[in-house]
Amino acid sequence: MFDHLSLGVSQIAQSIAFYDATLSPLGIKRLFNLPNVAAYGTDSHPMFWINHREGNNSFAGFHLAFQATDRASVDAFYQAAIAAGATDDGKPGVRSQYHPNYYAAFVIDPDGYRIEAVCHQ
């Protein structure tokens, strides 16, 4: 879990469209915009922020896992992400090397960040 997290993105409009589509199946919505900034959460507390930065230098090794309530949400996240322009980095499925009920999907977002949705049930 995290209180909030921020990513720098090279194309704010493209990233807003990507995260609006990709996070919606997980019940995460955009809560507000500021100039060159967008914030996402499940209620009034924004926990995931994106902000415009110059250049296109994503941070190697960065990984962000969003919690999903069920496996169907993981599947929907993956489908929405791919439709929104993500690159596959691991189709939905059980990753028993973590634990028997670790069900996750991995994508690479438009800036090269590795994004995961995971359900532990």
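**Exercise 1. Work out how strand β5 is joined to strand β8, and which residues face each other.**

Solution. Start with the pairing: in this predicted model, β5 and β8 (residues 114-119) run parallel and are joined by 5 bridges. Next, look for partners across the two strands. His-63 stands opposite Arg-114 in β8, and Phe-66 has Ala-117 as its bridge partner.

**Exercise 2. Sort the side chains of β5 (residues 63-67) by face, and say which are buried.**

Solution. A general rule helps here: side chains of a regular strand alternate between the two faces of the sheet. Now apply the idea to β5. Leu-64 and Phe-66 point to one face and are buried. His-63, Ala-65 and Gln-67 point to the other face and are not buried.

**Exercise 3. Place β5 in its sheet and find the edge strands.**

Solution. First, write down the order: the open sheet has 4 strands, arranged β5-β8-β7-β6, with mixed pairing. Second, find the ends of that order. β5 and β6 (87-94) stand at the edges with a single partner strand each, so one side of each has no neighbour in the sheet. Third, check the twist: neighbouring strands are turned by 15° against each other on average, direction ignored. Finally, add the helix: α2 (residues 71-83) lies across β6, β7 (103-108) and β8, and runs at about 15° to β7.

**Exercise 4. Describe the surroundings of Ala-80.**

Solution. Begin with its location, which is helix α2. Then take its accessibility: the relative accessible area of Ala-80 is 16%, and the cut-off for buried is under 20%, so Ala-80 is buried. Now list its contacts. Not counting residues up to four places away in sequence, Ala-80 touches Ala-21, Thr-22 and Pro-25. One of these makes a nice check on the fold: Pro-25 is 55 residues from Ala-80 along the chain, yet their C-alpha atoms are separated by 7.7 Å.

**Exercise 5. Describe the other sheet and how helix α1 sits on it.**

Solution. Take the strands first: 4 of them form an open sheet in the order β1-β4-β3-β2, with mixed pairing. The edge strands, β1 (5-9) and β2 (29-34), each pair on one side only. The average turn between neighbouring strands of this sheet is 20°, direction ignored. Now add the helix: α1 packs on the sheet and touches β1, β2, β3 (37-41) and β4, with its direction at about 160° to that of β4. To finish, look at one strand pair. β1 and β4 (residues 48-52) pair in the parallel sense over 5 bridges, and Leu-7 stands opposite Ile-50 in β4.

**Exercise 6. Find the buried side of α1 and follow Ser-15.**

Solution. The helix covers residues 12-23 and reaches 16 Å from its first C-alpha to its last, close to the 16 Å expected. Its buried residues are Ile-12, Ser-15, Ile-16, Phe-18, Tyr-19, Thr-22 and Leu-23. They cover an arc of only 165° around the axis, which puts them on the same side of α1. Ser-15 has 1% relative accessibility, so it counts as buried. Leaving aside neighbours within four places in sequence, Ser-15 is in contact with Val-9, Ile-50 and Asp-111.

**Exercise 7. Survey the aromatic pairs and classify Tyr-98 with Tyr-102.**

Solution. The structure holds 7 aromatic pairs. The rings of Tyr-98 and Tyr-102 have centres 4.8 Å apart and planes at 55°, so this pair is tilted. Tyr-102 counts as buried, at 13% relative accessibility. Elsewhere, ring pairs link Phe-18, Tyr-19, Tyr-40, Phe-48 and Phe-66 into a cluster.

Methods
Residues are numbered from 1 along each chain as its sequence is written. This is a predicted model: local features need pLDDT of at least 70, side-chain atom pairs count only at pLDDT 80 or more; totals for chains, interfaces and linings use all residues. Side-chain values use heavy atoms; hydrogens and water are left out. Rings of Phe, Tyr and Trp (its six-membered ring) pair if their centres lie within 6.5 Å; planes under 30 degrees apart count as stacked, over 60 as edge-to-face and the rest as tilted. Buried means under 20% relative accessible area, exposed over 50%, partly exposed in between (1.4 Å probe, protein chains only). The expected span of a helix is 1.5 Å times one less than its number of residues. The arc is that of the directions from the helix axis to the C-beta atoms. Two strands pair if DSSP finds at least two bridges between them. Axes are lines fitted to C-alpha atoms, for helices over the stretch in contact, and angles run from 0 to 180 degrees between N-to-C directions. Contact means heavy atoms within 4.5 Å.
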